[in-house]
Amino acid sequence: MADTQQVDPKTERKAARLAKQISSFSKAHGGAEGQVAYLGERGARIVLVGEDGNWGDLVAPSYEIAEQAVEKSGITTHESFDGEFAAKVKTGRYEWSRMAGIQVGGPKNN
């Protein structure tokens, strides 16, 4: 007996849309790698890091849809956001003032 799975057209369309966005990001940044993080009921976050160090993210309605999207896009994925993968992220003045600045007393009014 053949193993058959029901494919939800809505799920397929959402994964295809996300894959197209991932591919566009990858093309614009000389290639890309990604990591999928489970967000609970909210879904899953797809973090993308371009070869040029620019980064971005997308949110999928489920972890399964996120996995389908990164698979369709053909990018390399990582289990976690650490080590060499995290080191590829290029941060600028904005990120330092918004993220690190909060920990050291907030952004400065210069």
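## The largest pocket

In this predicted model, the largest pocket is lined by Gln-35, Val-36, Tyr-63, Glu-67, Val-70, Glu-71, Ile-75, Thr-77, His-78 and Glu-79. The space inside comes to about 210 Å³. By class, four of the lining residues are nonpolar, three are polar and three are charged.

Which elements build this lining? Strand β1, helix α2 and strand β4 each supply at least two residues. Helix α2 gives the most, with four residues.

## The second largest pocket

The second largest pocket has a volume of about 160 Å³. Eleven residues line it, and the closest to its centre are Arg-45, Val-47, Trp-55, Phe-81 and Val-89. The lining has eight nonpolar residues, two polar ones and one charged one.

Strands β1 and β2 each supply at least two residues here. Strand β2 gives the most, with three.

## Overall plan

The protein has 110 residues, and 32% of them count as buried. It contains four helices and four strands. From the N terminus on, the elements run α-β-β-β-α-β-α-α.

How much of the contact pattern links distant parts of the sequence? Take the contacts with a separation of 6 or more: residues 24 or more positions apart account for 54% of them.

## The sheet

The four strands form an open sheet in the order β3-β2-β1-β4, with mixed pairing. The edge strands are β3 and β4, the latter covering residues 76-78, and each pairs on one side only. From one strand to the next, the twist averages 25°.

Strands of a sheet pair through backbone hydrogen bonds, in either the parallel or the antiparallel sense. Two antiparallel pairs follow, and strand β2 takes part in both.

## Strands β1 and β2

Strand β1 spans residues 32-38 and runs antiparallel to β2, with seven bridges joining the two. Ala-32 has Gly-50 of β2 as its bridge partner. Val-36 stands opposite Ile-46 in β2. Val-36 is also one of the residues lining the largest pocket.

The two strands form a hairpin with five residues between them. In its turn, Gly-40 has a positive phi of about 85°.

Is β2 mostly covered or mostly uncovered? It is mostly covered, as six of its seven residues are buried.

## Strands β2 and β3

Strand β2, residues 44-50, pairs with β3 in the antiparallel sense over six bridges. Arg-45 stands opposite Val-59 in β3. The β3 bridge partner of Ile-46 is Leu-58. Ile-46 thus has a partner on either side, because Val-36 of the β1 pairing also stands opposite it.

These strands also form a hairpin, with four residues between them. There Gly-53 takes a positive phi near 95°.

## The two faces of β3

In a regular strand the side chains alternate between the two faces of the sheet. Strand β3, residues 55-60, has a covered face made of Gly-56, Leu-58 and Ala-60. Its uncovered face holds Trp-55, Asp-57 and Val-59.

Two residues of β3 tie back to features already described. Leu-58, on the covered face, is the bridge partner of Ile-46. Trp-55, on the uncovered face, is among the residues closest to the centre of the second largest pocket.

## Helices across the sheet

Which strands does each helix lie across? Helix α1, residues 9-28, lies across β1, β2 and β3. It runs at about 175° to β3.

Helix α2, residues 63-73, lies across β1, β2, β3 and β4. Its direction is at about 170° to β1. Helix α2 is also the element that gives the most to the lining of the largest pocket.

## Ala-86 and Gly-53

Ala-86 is found in helix α3, residues 83-87. Is Ala-86 buried, partly exposed or exposed? Its relative accessible area is 25%, so it counts as partly exposed; the buried class lies under 20% and the exposed class over 50%.

Ala-86 and Gly-53 are 33 residues apart in sequence. In space they are 9.7 Å apart, C-alpha to C-alpha. Gly-53 belongs to the hairpin of β2 and β3.

Notes:
Residues are numbered from 1 along each chain as its sequence is written. This is a predicted model: local features need pLDDT of at least 70, side-chain atom pairs count only at pLDDT 80 or more; totals for chains, interfaces and linings use all residues. Side-chain values use heavy atoms; hydrogens and water are left out. Buried means under 20% relative accessible area, exposed over 50%, partly exposed in between (1.4 Å probe, protein chains only). Two strands pair if DSSP finds at least two bridges between them. Axes are lines fitted to C-alpha atoms, for helices over the stretch in contact, and angles run from 0 to 180 degrees between N-to-C directions. Contact means heavy atoms within 4.5 Å. On a 1 Å grid over the protein atoms alone, a cavity is a set of points where a 1.4 Å probe fits but cannot get out, and a pocket is an open set with protein on both sides within 12 Å along at least five of seven lines; lining residues have an atom within 4 Å of a point. Grid points are joined across faces, edges and corners, and a volume is the space filled by probe spheres set on the points. Ala, Val, Leu, Ile, Met, Phe, Trp, Tyr, Cys and Pro count as nonpolar, Asp, Glu, Lys and Arg as charged, and the others, Gly among them, as polar.
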